[in-house]
Amino acid sequence: MPVLVLGRVIGDLAVAEHCGEFEKIIELSKRFPGFIFPCLGVHPVQEVSPEQQRGATPEDLDAALPIIEKYKDHLVAIGEVGLDFTPRFVSGDADKDNQRRVLIRQVELAKQLDLPINVHSRSAGRPTIHLLKEALLHAFDGKPSVALEGVKAGYFFSIPPSIVRSEQKQKLVKQLPLENICLETDSPALGPEKQVRNEPKNIRVSAEYVAKVKGNALRLFPKLKSAIRL
């Protein structure tokens, strides 16, 4: 997720989805200090194999927590976390409850570490809003009226390049205050063309649609302030 301030790319938030990616992200942040900023967390959807995915479980988080603890002083956020109730990933209430438990524990962890959280929400807009207090909502696919509940609670929403083909995201941007909007690529998914691999450079597509993000990244990720010069 490239970070834009006043229309200029100042760095990149490298966001994890499972503990197998953690060390790679930390290594990248050390190779490119001041540009790559690490975010570690357990995504609500976990990959069993390239052909099979499932909802996250508390056991997935148990495996991740020691690594997060190890690198906690390097992190700018906990993420990517959230809820994804897409039918192919959940088979019943037990799977949804597992995702909720994983999210709640990571929200508590973020509070302990005084870090924001990067949140994924799909087919679970209202449950996600109700579970969170202060967060950047990624891939939010709920109604704008639900998103405005999040605005009142201080949430931020990130907009990917797929906005050019997503009526839902276009409606979302029209109703959200500019100060609650951030940009992201979400590459390799959510690109401007359906079923075409998304690239980080497509952040420009989001920027052109939304116009400018006026310092949101610095307000949400305060640790960036010490790493950049404006």
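**Exercise 1. Is Lys72 buried, partly exposed or exposed, and what is its relative accessibility?**

Solution. Lys72 has a relative accessibility of 29% and therefore counts as partly exposed, where buried means under 20% relative accessible area, exposed over 50% and partly exposed in between, with a 1.4 Å probe and protein chains only. The structure is a predicted model, in which local features need pLDDT of at least 70 and side-chain atom pairs count only at pLDDT 80 or more, while totals for chains, interfaces and linings use all residues. Residues are numbered from 1 along each chain as its sequence is written, and side-chain values use heavy atoms, with hydrogens and water left out.

The next step is the partner of this residue: the side chains of Lys72 and Glu69 meet in a salt bridge at 2.9 Å, N to O, a salt bridge being a side-chain nitrogen of Lys or Arg within 4 Å of a carboxyl oxygen of Asp or Glu. Glu69, at 44% relative accessibility, is likewise classed as partly exposed.

**Exercise 2. Describe the overall make-up of the protein chain.**

Solution. Begin with secondary structure, which comes to eight helices and 10 strands; helices (H or I, at least four residues) and strands (E, at least two) are DSSP runs, numbered from the N terminus. Then turn to burial, where 51% of the 230 residues count as buried. Finally, among the contacts with a separation of 6 or more, 62% are between residues 24 or more positions apart, contact meaning heavy atoms within 4.5 Å. The count of salt bridges comes to eight.

**Exercise 3. Locate the salt bridges of Asp97 and of Glu149, and state what each pair connects.**

Solution. Asp97 and Arg100 form a salt bridge of 3.0 Å, N to O. Both residues belong to helix H3 (residues 93-113), and because they are three residues apart there, about one helical turn separates them. Asp97 is partly exposed at 39%, and Arg100 is partly exposed at 28%.

For Glu149 the partner is Arg126, with the closest N and O atoms 3.0 Å apart. Since Glu149 lies in helix H5 and Arg126 in helix H4 (residues 125-131), this pair ties together parts that are 23 residues apart in sequence. Relative accessible area is 32% for Glu149, which is partly exposed, and Arg126 is also partly exposed, at 40%.

**Exercise 4. At what angle do H2 and H3 cross, and which residues make the contact?**

Solution. The axes of helix H2 (residues 58-70) and H3 come within 9 Å and cross at roughly 20°, the axes being lines fitted to C-alpha atoms, for helices over the stretch in contact, and the angles running from 0 to 180 degrees between N-to-C directions. That angle makes H2 roughly parallel to H3, because angles under 35 degrees count as roughly parallel, over 145 as roughly antiparallel, 65 to 115 as roughly perpendicular and the rest as oblique. The contact is made by Pro58, Leu61, Asp62, Leu65 and Ile68 of H2, together with Asn98, Arg101, Val102, Arg105, Gln106, Leu109 and Leu113 of H3. These residues divide into seven nonpolar, two polar and three charged, where Ala, Val, Leu, Ile, Met, Phe, Trp, Tyr, Cys and Pro count as nonpolar, Asp, Glu, Lys and Arg as charged, and the others, Gly among them, as polar.

One of the H3 residues, Arg101, is partly exposed at 49%; Arg101 and Pro58 are 43 residues apart in sequence, yet their C-alpha atoms are 6.9 Å apart in space.

**Exercise 5. Carry out the same analysis for H5 and H6.**

Solution. Helix H5 (residues 144-152) packs against helix H6 (residues 167-175) at an angle of about 40°, with the axes 9 Å apart, which means that H5 is oblique to H6. Pro144, Ala147 and Leu148 of H5 make the contact with Lys171, Leu172 and Gln175 of H6, a set comprising four nonpolar residues, one polar and one charged.

**Exercise 6. Identify backbone features that call for a check.**

Solution. Most residues other than glycine have a negative phi, and most peptide bonds are trans. Against this background, Asp114, although not a glycine, has a positive phi of about 55°; Asp114 sits in the loop between H3 and E7 and is exposed, at 69%. Ser123 also has a positive phi of about 55°, and its place is in the loop between E7 and H4.

For the peptide bonds, a cis bond joins Gly79 and Glu80, with omega about 15°, and Glu80 lies in strand E6 (residues 77-84). The bond from Ser187 to Pro188 is cis too, with omega near 15°.
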